[in-house]
Amino acid sequence: MTITIRPVAATDRAAWGQLYAAYAEFYQVTQTEEMRDRVWGWLMDPDHEVMGFVAEEDGLVGIAHVRPFARPLAAATGGFLDDLFVDPAARGSGAADALLAAIKAEGAKRGWGVIRWITAEDNARARKVYDRTAEATQWVTYDLTV
């Protein structure tokens, strides 16, 4: 079968929601249906900065959410990949690589100089994909709770 990457569509809500819930569970993040509804609203709003892509192979097998971010020091705009998840049953299918390639193409189309993301240090399987796709940086991430 062939993996198809496309922008998320209104008809994807149920399958997207299942994948997004599984992604939250993977990272042990409490997420409610109300939270998924809010993110879905962002994805369906053409004026919202967050955009979504799905990987399809006889149904949805992966999701990705990306948005632009300002890079003042570089006087440029980049893309930030907030979420990337592939159903465990579809891992190794090329879905993650295809999603990253589609995001890279979207970034090129929008004039972004870089696509940036973070992942858990112990996310070994995903990091194998990331290590062959992108360059690890020297930067350490911090969260300042508000």
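**Exercise 1. Which residue in strand 5 is the bridge partner of phenylalanine 80?**

Let's work this out on the predicted model.

- Step 1: Start at phenylalanine 80 and look across to strand 5, where its bridge partner turns out to be arginine 116.
- Step 2: Now widen the view to the strands: strand 4 and strand 5 are paired over two bridges, in the parallel sense.
- Step 3: Place this pair in the whole sheet, which is open, has five strands in the order 1-2-3-4-5 and shows mixed pairing.
- Step 4: Check the edges, which are strand 1 (4–7) and strand 5 (115–116), each with pairing on one side only.

**Exercise 2. Which strands does helix 1 touch as it packs on the sheet?**

- Step 1: Take residues 13–26, which make up helix 1, and list the strands touched: strand 3 and strand 4.
- Step 2: Compare directions; that of helix 1 makes about 70 degrees with that of strand 3.

**Exercise 3. Which residues have the most contacts inside the largest nonpolar core?**

- Step 1: Of the 21 residues in this core, pick out Leu81, Leu84, Leu99, Leu100 and Tyr130.
- Step 2: Find the elements giving two or more residues to the core: strand 2 (51–56), strand 3 (60–71), strand 4 (76–86), helix 3 (95–110) and helix 4 (124–133).
- Step 3: Helix 3 contributes the most, namely five residues.
- Step 4: Zoom in on leucine 81; setting aside neighbours within four places in sequence, its contacts are Ala64, His65, Val66, Leu100, Ile103, Ile115, Arg116 and Trp117.
- Step 5: Finally, note another core lying apart from this one, with 13 residues including Val39, Leu43, Ile63 and Phe85.

Note on methods
Residues are numbered from 1 along each chain as its sequence is written. This is a predicted model: local features need pLDDT of at least 70, side-chain atom pairs count only at pLDDT 80 or more; totals for chains, interfaces and linings use all residues. Side-chain values use heavy atoms; hydrogens and water are left out. A nonpolar core is a set of buried Ala, Val, Leu, Ile, Met, Phe, Trp, Tyr and Cys residues joined through side-chain atoms within 4.5 Å. Buried means under 20% relative accessible area, exposed over 50%, partly exposed in between (1.4 Å probe, protein chains only). Helices (H or I, at least four residues) and strands (E, at least two) are DSSP runs, numbered from the N terminus. Contact means heavy atoms within 4.5 Å. Two strands pair if DSSP finds at least two bridges between them. Axes are lines fitted to C-alpha atoms, for helices over the stretch in contact, and angles run from 0 to 180 degrees between N-to-C directions.
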